[in-house]
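Student: Hi! I have a structure open and would like to talk it through. Can you help me read it?
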Amino acid sequence: MKGIQVKFSISWLKYLKQFRGEKILSQALRMFRLHSIPFSTLLGNMFNVMELHQAKFTFPIVASVASKNLGLTREILRRGHEVAVHGFKHVNYAYITERQQDDDVGKALDTFKALGIQVYGFRAPYNVYTEDTPKLVEKYGFLWDIGIGYNPKYRSGTSPFRVQIDDHESSFVCIPLNRLSDDFMIDIQGFSSRQMETKLKHVIKGASEKGGVFMFDLHPIRMGQPKYVNVLNSVVEYGTALNGWFPTVTEAVNYWSKHGKWKHDAPFCCLLTGDIDNFSFFDYIQRLF
Ligand SMILES: [Zn+2]
């Protein structure tokens, strides 16, 4: 069965090379390599680290992908972590109309509802928001959004905030999203795992001194790999030793809304989030068509 799947994947790669060019091929090869470890193992590695430090993770998941991988999606909740909406399909909202965005968000929510998965928050695919997107986040009643905060004007903030929508403040809460995602550190900066660890610890140290909320986007497809799960372990260990609070986003938003501070009077709150765009290489290939 596995042999057939690999053969099938390689023939798709040849197809991609012929019709979509080298760039997509090299990205596909990278995804093929990353997915050689089953996603259940990657998530399991992360859950073990998080449990060791009693920390929580929030996973925005593409709804169409969650519906094909229900067991793993439920496992995330069973281990005490959170699932959020990352669109129905992984499409760039800048390239579709408001009506299509509305359909995508609505369909994603319907899908999670049908699966019996409770969701409270949203992050747009690619962190791309148009003027219409915040209106839809509000229309669909989300409690929080964790992608708007990636905009350079919010990125370095340290407090939850609301955005202006027409004549009022958004009903949902936004969180600043730190620039140090695994993509930024590895693909753009070319950091080694050691450099990632140093950089992330530096931000955590600053957080413990300044206070406030800090959020990172650390994709499980990469952070669950043995090399990077060790980075996650030392960073969370470091943060908890500094008395930081590492809850799910919903826990943090609810607590902050009610008390205006962090649980146990923690000096800072650190939100670990990681988008799941695909659970397997097959999910990834399907997304290209
Ligand atoms: Zn994504």
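Student: Let's begin with the metal. How are the donor residues of the zinc ion spaced in sequence?

Tutor: The spacing is H-x3-H-x186-D. Keep in mind that this is a predicted model, where local features need pLDDT of at least 70, side-chain atom pairs count only at pLDDT 80 or more, and totals for chains, interfaces and linings use all residues. Residues are numbered from 1 along each chain as its sequence is written, and side-chain values use heavy atoms, with hydrogens and water left out.

Student: Thanks. Which atoms are the protein donors of the zinc ion?

Tutor: They are NE2 of His 86, NE2 of His 90 and two OD atoms of Asp 277, at 2.1 to 2.7 Å from the ion. Donors here are N, O and S atoms within 2.8 Å of the metal (3.2 Å for Na, K and Ca), and sites may look incomplete because water is not among the atoms.

Student: And where do His 86 and Asp 277 lie?

Tutor: His 86 is in the loop between strand E2 (82–85) and helix H5 (98–115), and Asp 277 is in the loop between E9 and helix H13 (281–287), so this pair ties together parts 191 residues apart in sequence. Helices (H or I, at least four residues) and strands (E, at least two) are DSSP runs, numbered from the N terminus.

Student: Is His 86 buried or exposed?

Tutor: His 86 is buried, at 0% relative accessibility. Asp 277 is buried as well, with 17%. Buried means under 20% relative accessible area, exposed over 50%, and partly exposed in between (1.4 Å probe, protein chains only).

Student: What about the angles among the four donor atoms?

Tutor: They run from 50 to 138°, and the site is irregular. Four donors count as tetrahedral if all angles lie between 85 and 135 degrees; four count as square planar and six as octahedral if opposite donors are over 155 degrees apart and all others between 65 and 115; anything else is irregular.

Student: Switching to rings: how many aromatic pairs does a search of the whole structure find?

Tutor: It finds 10. One of them is Phe 122 with Tyr 129: the centres are 6.3 Å apart and the planes at 90°, so this pair is edge-to-face. Tyr 154 and Phe 161 are stacked, with 4.4 Å between centres and 25° between planes. Rings of Phe, Tyr and Trp (its six-membered ring) pair if their centres lie within 6.5 Å; planes under 30 degrees apart count as stacked, over 60 as edge-to-face and the rest as tilted.

Student: How accessible is Tyr 154?

Tutor: Tyr 154 is partly exposed at 21% relative accessibility, while Phe 161 is buried at 15%. Phe 122 is buried too, at 1%.

Student: Which residues do ring pairs link into a cluster?

Tutor: Phe 32, Phe 281 and Tyr 284.

Student: Now the backbone. What is the phi of Asp 166?

Tutor: Asp 166 has a positive phi of about 50°, although it is not a glycine. Asp 166 sits in the loop between strand E5 (164–165) and strand E6 (168–169), and is exposed at 59% relative accessibility.

Student: And what is phi for Asn 243?

Tutor: Phi of Asn 243 is also positive, near 70°. Asn 243 lies in the loop between H11 and helix H12 (249–259) and is exposed, with a relative accessible area of 52%.
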